[in-house]
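Student: Please take me closely through one part of this structure: the way its helices pack against one another. I should like to know which residues meet, and how the surroundings fit in.

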Amino acid sequence: MQPRRPTRQVTIGDERVGLVKVGGGLFGTTPAPVSVQTMTTGYTYDVDACVAEINRLTAAGAEIVRVAVPEKKDTDALRQIIPQVRVPIVADVHFHFQRALEAVESGVHKIRLNPGNIQDRAHVIDVIQACKARNVPIRVGVNEGSIIERRDKQLRLKELGQFFSDNRRGYLLAIMITKLEEYLDIFYEQGFYDIVISAKSMDPVTVIEAYTEISKRFDHPLHLGVTHAGPKETGCIRSVVALGTLLASGVGDTIRISYASDAQYEVEDGLELLYSLALRERKGAELIACPTCGRIQVDLITLVQDVRKHVSPKIDLPIKLAVMGCIVNGPGEAEGADVAVFAGDRRGIIYVQGEKVANVPEEQILERLLAECLAFQDKVKRGEARLGEKTVQIIPPDPIGELGSGWETIAKKQAGGATPLTVGKS
Ligand code: SF4
């Protein structure tokens, strides 16, 4: 992991919804944790539905939420939406600079402008001045999909001609950076530096190259994202490969994962990415689960999904919870777990920090696991236990014999007899 790239810091929000700092490290500021943002999928003018979606995304962990404002009824709706939410709201503005002015009037906390479709210098200056008067930051987002000229046919033909020339990616980067530089010059002329930059593409390699280049040229915080990433199943890979690479190299201050799916998945996966790179302190359970194989004797995949659905939401401490299919690889894979279940022949043995607390039939595993997790969480909160502190030690044939998962067969192959299998810190 490379150190975070220092940037100017931008603050989004207000006292009521909370202030989210993005970037930092320059001019005496401390770098803020990388934040996770998302965008609503419903119509902004449908106030009740929009508020409900924003609040659901906030509960899932979104720290900034963007909404589309294609029409005046959307920017009008912001006046009713903002007082009912507890997260900074960003207005996503395209084509009509008036939407940005209206959104600022409605109390929005940040504006996103697209240089690809709001180009009139006077209009851009109007938006900058409105934002400056209210301390509203602006994200300048140069998306691959909208960066090529659309209105001026001559210019469009010229740009497209170069785009399809021998070096598609190189040309795209050049045009993204050139347009960004030209656009930002207007901001600098107006003395406006509350800027976040994004340069998204559907191609993860272009995303990596574009942000890497931009990080060398500008000192503004960067909003990372792979645009049009597709459904969650494949979009996850596209997003994580690009954003993970950039974040590991110290580039990126706020992220949005985009899926053609419920935005809650964007938030959950964005947080998991940051936890995985140790860029954020984990909130809630860390679920470890084996992939299952031909040794499995319980319905582990359903059990893991049930644990995710029913146990994880009730845990607010970073408890390591291992759900393992059998004793063969379970101990190694569950290393360091605070709470672990090892399944066998239609049964599961549950350990809490080294102590075997239950041996239950398959249908009772979920309920008992939940009870043990909650009891352990209470103990930690009362100061009677510490996360990741103790050793889980499993000595065959216990619990293999208890589980009935083939100890005799394993024992025959073990010339030296029982060897302790150790899980956790020794
Ligand atoms: S823990 Fe057991 S069931 Fe799960 S993948 Fe490993 S060997 Fe297979």
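Tutor: An axis is a line fitted to C-alpha atoms, for a helix over the stretch in contact, and angles run from 0 to 180 degrees between N-to-C directions. This is a predicted model, in which local features need pLDDT of at least 70 and side-chain atom pairs count only at pLDDT 80 or more, while totals for chains, interfaces and linings use all residues. Residues are numbered from 1 along each chain as its sequence is written.

The protein has 15 helices and 17 strands, which are DSSP runs (helices H or I, at least four residues; strands E, at least two) numbered from the N terminus. Of its 426 residues, 43% count as buried, that is, with 20 or more other C-beta atoms within 10 Å of their own; 12 or fewer is exposed, and in between is partly exposed. Of the contacts between residues at least 6 apart in sequence, 65% join residues at least 24 apart, a contact being two backbone-placed C-beta atoms within 7 Å.

The pair to begin with is α3 and helix α4 (residues 121-133), whose axes lie 9 Å apart and make an angle of about 10 degrees. The two helices α3 and α4 are therefore roughly parallel to each other, the class for angles under 35 degrees (over 145 is roughly antiparallel, 65 to 115 roughly perpendicular, and the rest oblique). On the α3 side, the contact is made by Phe97, Ala100, Leu101 and Val104. On the α4 side, the partners are His123, Asp126, Val127, Ala130 and Cys131.

Helix α3 (97-105) also takes part in covering helix α2. The buried residues of α2 (residues 72-81) are Asp74, Thr75, Ala77, Leu78 and Ile81. These residues span an arc of only 150 degrees around the axis, which puts them on the same side of α2; the arc is that of the directions from the helix axis to the C-beta atoms. Besides α3, the elements that cover them include α1 (47-59), β4 (64-68) and β5 (89-92).

A further pair is helix α8 (residues 204-217) with helix α9 (residues 232-248), packed at an angle of about 20 degrees with axes 9 Å apart. This angle makes α8 roughly parallel to α9. From α8 come Pro204, Val207, Ile208 and Tyr211, which meet Arg238, Val241, Ala242, Thr245 and Leu246 of α9.

Helix α11 (residues 300-311) packs on helix α13 (residues 365-381) at about 40 degrees, with the axes 10 Å apart. The helices α11 and α13 are therefore oblique to each other. Here Leu303, Asp306, Val307, His310 and Val311 of α11 contact Ile365, Leu366, Leu369, Leu370 and Cys373 of α13.

Away from these helix pairs, a loop residue completes the account. Lys283 lies in the loop between α10 (263-276) and β11 (286-289). Because 12 C-beta neighbours fall inside 10 Å, Lys283 counts as exposed. Its C-alpha is nevertheless 5.9 Å from that of Leu317, although Lys283 and Leu317 are 34 residues apart in sequence. Leaving aside neighbours within four places in sequence, Lys283 is in contact with Asp316 and Pro318.
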